[in-house]
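Me: I'd like a close look at one part of this model, with the cut-offs spelled out so I could recompute things myself. Take your time and connect the pieces.

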Amino acid sequence: MRPRRRHPSRVETDPGSRRQLTARGPILLWRDGTAGRREGLVCLVSACPNPACGCRDVWIDGLLIDYRAIAVSGGERRLRVSWPAGSAPPATRSWPLRATVDIDKRTVTPRGDGVRTDLVEWLSGELDEQLLALLRERFQLAKR
Ligand SMILES: [Zn+2]
């Protein structure tokens, strides 16, 4: 059996942190949510999938979790959240956050319909040099 080219990575959640910028696998952003409970934005990162395309776009697909989530894992298109028994929220069929980040122009734009603009704004607010550097690394890895 051929090993898969990109292995899914598991990230233990750390809701008390500001964010978890992993070299591989999902990245997590954290903030105080309703009633002072921490909520997290789990983001899958992938590059524009067209190898012939000259753009510098990174795709972010994200969904919300809260402090109870134990771990998240995933590759480029799939995401799995581990919850303690009985606390898993109902599964959602679509991504509340789908955005394109231009890693040169530093723009964040919603991708498609039904995207929550507050989550796009959250991601935009986190887009500093550190996060940009990480997205550029991911882009290079994906386009290799
Ligand atoms: Zn492209």
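Which order do the strands have in the open sheet of six strands, and what is their pairing?

Reply: Quick housekeeping before the sheet. This is a predicted model, so local features need pLDDT of at least 70 and side-chain atom pairs count only at pLDDT 80 or more, while totals for chains, interfaces and linings use all residues. Residue numbers start from 1 along each chain, following the sequence as written.

Now your sheet: the order is β2-β3-β4-β5-β8-β9, and the pairing is antiparallel. Strands here are DSSP runs of E with at least two residues, helices are runs of H or I with at least four, and both are numbered from the N terminus. Two strands count as paired if DSSP finds at least two bridges between them. At the edges sit β2 (19-20) and β9 (107-110), each pairing on one side only.

Look at β3 and β4 in that sheet: six bridges join them, and they run antiparallel. One residue pair to click on is isoleucine 27, whose bridge partner in β4 is cysteine 43. The loop between β3 and β4 holds alanine 35, which has a positive phi of about 55° despite not being a glycine. Alanine 35 is also exposed, because it has just 5 other C-beta atoms within 10 Å. (Exposed means 12 or fewer other C-beta atoms within 10 Å of the residue's own, buried means 20 or more, and partly exposed is in between; the C-beta atoms are placed from the backbone.)

There's another positive phi between β8 and β9: arginine 106 lies in that loop, with phi near 60°, and arginine 106 isn't a glycine either. Arginine 106 has 13 other C-beta atoms within 10 Å, so it comes out as partly exposed.

Next, what lies against the sheet? Helix α2 lies across β4, β5 and β8, running at about 35° to β4. For that angle, axes are lines fitted to C-alpha atoms, for helices over the stretch in contact, and angles run from 0 to 180 degrees between N-to-C directions. Glutamine 140 belongs to α2 and counts as exposed, because it has 11 C-beta neighbours inside 10 Å. If you want a long distance to check, the C-alpha atoms of glutamine 140 and alanine 91 are 32 Å apart, with their positions 49 residues apart along the chain.

The sheet also feeds the largest nonpolar core, which has 28 residues; Val42, Val58 and Leu97 touch the most other members. At least two residues of this core come from each of β3 (27-32), β4 (38-47), β5 (57-66), β7, β8 (97-102), α1 (117-126) and α2 (129-143). β4 gives the largest share, six residues. A nonpolar core here is a set of buried Ala, Val, Leu, Ile, Met, Phe, Trp, Tyr and Cys residues joined through C-beta atoms within 7 Å. In soluble globular proteins, nonpolar side chains tend to be buried together.

Zoom in on leucine 97. Leaving out residues up to four places away in sequence, leucine 97 touches Leu41, Ile60, Asp61, Gly62, Leu63, Val115, Arg116, Leu119, Val120 and Leu123. Contact means C-beta atoms, placed from the backbone, within 7 Å.

What about the strands outside your sheet? β1, β6 and β7 form an open sheet of three strands in the order β1-β6-β7, again with antiparallel pairing. β1 (9-12) and β7 stand at its edges with a single partner strand each, so one side of each lacks a neighbour in the sheet. Neighbouring strands of this sheet are turned by 15° against each other on average, ignoring direction. Four bridges join β1 to β6, and in β6 the bridge partner of valine 11 is valine 72. β6 (71-74) is joined to β7 by four bridges too, with alanine 71 opposite serine 82. In β7 (79-82), Leu79 and Val81 are on the covered face, whereas Arg80 and Ser82 are on the uncovered one. In a regular strand the side chains alternate between the two faces of the sheet.

Zooming out, the chain has two helices and nine strands. The radius of gyration is 15 Å, close to the 15 Å that the globule rule gives for 144 residues, so the chain is as compact as a globular protein of that length. That radius is taken over C-alpha atoms, and the rule is 2.2 Å times the number of residues to the power 0.38. Buried residues make up 26% of the 144.

Methods: Contact = placed C-beta atoms within 7 Å.
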